[in-house]
Amino acid sequence: MYDLILWYVPRLNKFPRNHKFMLGDRIQSTLYTLLEGLIRARYEREKLGVLESLNVELEVLRYQTRLCKDFDLLDVRRYEHVSKLINEIGENLGGWLRQQKRKR
């Protein structure tokens with residue numbers, strides 16, 4: 001998640017004004033919400049609820065990123081790269097979710 005933020009935020013800051021303060025700010029907010037949530041989940045006794053809400057946030061990020069591509073704010077190469085990073089996070093989060101569900 002940390003690496004995704006490091007990659008994404010500089011690009012968001014270069015968005016045109018009409019997208020920077022709506023879509024760009026929302027994506028940044030989603031990124032930081034995910035980072036903070038993952039850190040908190042690590043220390044929670046009951047992780048399942050936190051992880052499920054983070055999974056929804058990650059899905060929101062996927063759609064926000066897709067909008068960036070569709071608005072031509074990210075070229076296809078960058079979209080593929082960021083999608084790969086998001087999918088890796090999703091795979092890890094999904095594994096963590098499955099592990100927590102088995103514990104119940």
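Here is a short briefing on the fold, core and surface of this chain. The model is predicted, and its secondary structure comes to four helices and zero strands. A nonpolar core of 28 residues draws at least two residues from each of the four helices.

**Fold and dimensions**
- Reading from the N terminus, you will meet the elements in the order α-α-α-α.
- The C-alpha trace spans about 45 × 20 × 20 Å along its principal axes.
- Among contacts with a separation of 6 or more, 70% join residues that sit 24 or more positions apart.

**Core**
- In the largest nonpolar core, the residues touching the most other members are Met 1, Leu 4, Tyr 8, Ile 27, Leu 31, Leu 61 and Cys 68.
- Contributions of at least two residues each come from helix 1 (2-12), helix 2 (17-43), helix 3 (48-70) and helix 4 (76-103).
- Ile 27 is a handy residue to click on: setting aside its neighbours within four places in sequence, its contacts are Tyr 8, Leu 12, Leu 61, Gln 64 and Cys 68.
- Of those partners, Tyr 8, Leu 61 and Cys 68 also appear in the list of core residues that touch the most other members.

**Burial, surface and charge**
- The chain has 104 residues, and 39% of them are buried.
- Its accessible surface comes to about 7,000 Å², with carbon and sulfur atoms holding 49% of that area.
- There are 20 positive and 14 negative side chains in the chain.
- The centres of these two charge sets lie 3 Å apart.

Technical notes
Residues numbered from 1 in each chain as written. Predicted model: local features only at pLDDT ≥ 70, side-chain atom pairs only at ≥ 80, totals over all residues. Heavy atoms only, no water. Buried < 20%, exposed > 50% of the residue type's maximum accessible area, 1.4 Å probe, protein only. Contact = heavy atoms within 4.5 Å. Areas by Shrake-Rupley, 256 points an atom, 1.4 Å probe, with all protein chains shown as cover. Lys, Arg positive; Asp, Glu negative; His and termini not counted. Charge placed at Lys NZ, Arg CZ, Asp CG, Glu CD. Core = buried A, V, L, I, M, F, W, Y, C linked by side-chain atoms within 4.5 Å.
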